Amino acid sequence: SARPKIVILGAGYAGLTTARRLIGTLSSEQAEIVLVNKHNYHYEATWLHEVAAGTRSPNSARVMISDVISPDKATLIYDTVVEIRKDENRVILENDELTYDYLVIALGWKSNDFGIKGMAENAFAIEDIDSSRLISEHLEYQFAKYRSDPAADEENLNILVGGAGFTGIEFVGELAERVPELCKEYDIDRSKARIINVEASPSILPMFDEELVEYARKSLEDRGVEIRTGAAISECTPEGFIVGDEKELIKAGTIVWTGGVKGSPVLEKSGFELTKGKVNVNGDLRLAGEENIFVIGDCSWVWNKEADRPYPPTAQLAMQEADTVAANLQALLTGRALKEFVFDDKGTVASLGNSDGIGNVFTGVKLKGKQAAAMKKIVDNRSLYLMGGPKLVLKKGKLRPF
Ligand code: FAD
Ligand code: NAD
C-alpha cells in the first residue's frame, strides 16, 4: 500500500508508549505501525531488582504486548533486531528483514562493565527477565547447596554487589528482605550470609543530598548490608571481586555487577557515532543529520540545555520522549513543524526494599521511609497506567500496602 510505514524497535517504556500514542492519534489510513520486540512480552525494567532478589515473581513483572497493543491496530513482530542499515532504510532481524519510511529506535540498555577484567565471564547482570530470574535461582541454589554439604565453604553464601548507584542500592534493599527469608527456609544462621555492596565513589547515590544518603546507608546497614565506599573494583574472578589499591579479594558465591549501563549494542553494530555507548539526538529527538529516524529512551542522550548536560536516562524520561516522538511523527505526516522535547521532571524515588525508600519529588520535597516507599508504588502504578490504562494497573499494579 501507499501508506507510510512507521517501524518502532523495542517495546520497553519508550517503544511501547510511542506505539500506544500513535495508535491513539493516527488513523489507519495515515500510516502503518509496526512494533518489533525480542519477546512477546514487555517487562517493567524498573522492577528487575525485585525479580533478581526473588522478592517478585518474573511473571508479575511482565505484560503480554498483545494485551496492551491491539494486533488490529499495529503489526506486532517478535524477533531480535541485529542491525539497522540507515542508508537503505532497512532493519535486519534475526529471522527476517524490514524496510521503513520512519524509524523509532527504542532498544534500551545493556549492562556496561567498562571492560573490567573477568566481569562479563564471572558476574551476573540485571538486564532483563531471564538474566534477573537467573540471579534469584542461583542465589537460592547457593543456600540449598550449602545446606546439603556440612563441609561447604561459608563464603558461598556471600552476595557481592558491584556498584552502589540506583540499581545496586535498590537491589541490596530487596536482598535485605530476601536473605533473612532464605536463611529461615534453609535453617542457616543469618550472620553467615553477608550482603556486601562495593562502590568506587566516596558516597552511595550521589544524586541525593547528604541527609537522604545517610538515611539510606543507615537503613541498609541496620538490616545487615555491608557498604564499602571508596573501593574500586579492578577485576572479577570466579571467586569474587578484586578491590582497592591493596588488591583485596572479596569472595562470594553470588556475584552481581550493577556498575552502569550503555545503549543497545545494535547501535554500535549499525555504525552509529556513539558517546559513552549512546547516540546524541537533536532537540526534536531525531538522530543528527537524519530526517526520518528518532532515537529515544536509553539508546540516546538528550541535552538538558539549562543544566548543560544530558538528562539522566530513566523510564520517566523515556515515556515523555515517546509522547514527543508520536507528536513529531504526526507533524511529519501532515507537513507541520516538529516540536522540541521538554522534560517535566516529576522527581526521583529510590526504594530500599518493600517498605522503605528515599526520594525528591515535585520541586524540592524530600521523602524518606514509608512515605517514600508509598510514593515509589504510586510511580510504578502510574507508569503501568501510561502504558496500558486502568486495566493494566488492576492486573499488574502494586496495590497491596506494606
Ligand atoms: P527498555 O525498558 O530496556 O526496553 C527495551 C526493549 O527493547 C525491551 O522490551 C527489550 O526486550 C527490547 N530489545 C532490546 N534489544 C532488542 C533487540 N536487539 N531486538 C528486539 N528487541 C530488543 N527509571 C526510572 O525512571 N525510575 C525507576 O525507578 C527506575 N528503576 C530502575 C530499576 C532497575 C533495577 C533498573 C535496571 C533500571 C531502572 N530505571 C528506572 C531505569 C529504566 O529502567 C530505564 O531508563 C528504562 O528501562 C529505559 O527504557 P527504554 O524503553 O529505553 O528501554
Ligand atoms: P549508575 O551508573 O547510576 O551507577 C553505577 C555505580 O557503580 C556508580 O555509583 C559507580 O560509581 C559505580 N561503579 C562503576 N564502576 C565501578 C568500579 N569499577 N568499582 C566500584 N564501583 C563502580 O548505574 P545504575 O545504577 O545501573 O543505573 C542506570 C540508570 O538507570 C541510571 O540512569 C539511573 O538513573 C537509572 N535507574 C533509576 C532508578 C530510580 O529512579 N529509582 C533505579 C535504577 C536505575
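In this predicted model, ligand 2 lies between domain 1 (5-38 + 79-111 + 261-337) and domain 2 (113-259 + 346-402), because both domains give residues to the shell around it. This shell holds 25 residues, of which Gly163, Gly165, Phe166, Thr167 and Ala200 come nearest to the ligand. Two elements, H6 and strand S25 (347-351), each give two or more residues to the shell around ligand 2, and the greatest contribution is that of H6, with 4 residues. When the residues around ligand 2 are sorted by class, 12 are nonpolar, 11 are polar and 2 are charged.

Ligand 1 also lies between domain 1 and domain 2, since residues of both domains take part in the shell around this ligand. Here the shell consists of 34 residues, and those that come nearest to ligand 1 are Gly10, Gly12, Gly108, Gly297 and Thr314. The elements that supply two or more residues to this shell are helix H1 (13-25), strand S2 (32-37), helix H2 (48-53), helix H6 (166-185) and helix H9 (315-334). By class, the shell around ligand 1 is made up of 15 nonpolar, 15 polar and 4 charged residues. Helix H6 is thus listed among the elements that give two or more residues to the shell around ligand 1, and H6 is likewise listed for the shell around ligand 2.

The two domains that give residues to these shells come from the domain assignment of the protein chain, in which domain 1 is built from the segments 5-38, 79-111 and 261-337, and domain 2 from the segments 113-259 and 346-402. The C-alpha centres of domain 1 and domain 2 are 30 Å apart, and the contact between the domains involves 9 residues of domain 1 and 8 residues of domain 2. On the side of domain 1 that touches domain 2, the elements giving two or more residues are H1, strand S10 (109-111) and H9, with the largest share, 4 residues, coming from H1. This side of domain 1 has 4 nonpolar, 3 polar and 2 charged residues.

Helix H1 also packs with helix H10. Two packed helices are described by the angle between their axes and by the distance between those axes. For H1 and helix H10 (residues 370-396), the axes come within 9 Å and cross at roughly 40°, and the two helices are therefore oblique to each other. On the H1 side, the contact is made by Tyr13, Leu16, Thr17 and Arg20, while H10 takes part through Ser383, Leu386 and Met387. The residues of this contact between H1 and H10 comprise 4 nonpolar, 2 polar and 1 charged.

For the protein chain as a whole, 10 helices and 27 strands are assigned. The radius of gyration of the chain is 22 Å, which is close to the 21 Å that the globule rule gives for 402 residues, so the chain is as compact as a globular protein of that length. Taken along the principal axes, the C-alpha atoms of the protein chain fill a box of roughly 70 × 40 × 40 Å.

Terms used
Residues numbered from 1 in each chain as written. Chains lettered and ligands numbered in written order. Predicted model: local features only at pLDDT ≥ 70, side-chain atom pairs only at ≥ 80, totals over all residues. Near = placed C-beta within 6 Å. Nonpolar A, V, L, I, M, F, W, Y, C, P; charged D, E, K, R; others polar. Domains from an automatic or database assignment. Axes fitted to C-alpha atoms, helices over the stretch in contact; angles between N-to-C directions. Parallel < 35°, antiparallel > 145°, perpendicular 65-115°, else oblique. Contact = placed C-beta atoms within 7 Å. Rg over C-alpha atoms; globule rule 2.2 N^0.38 Å.
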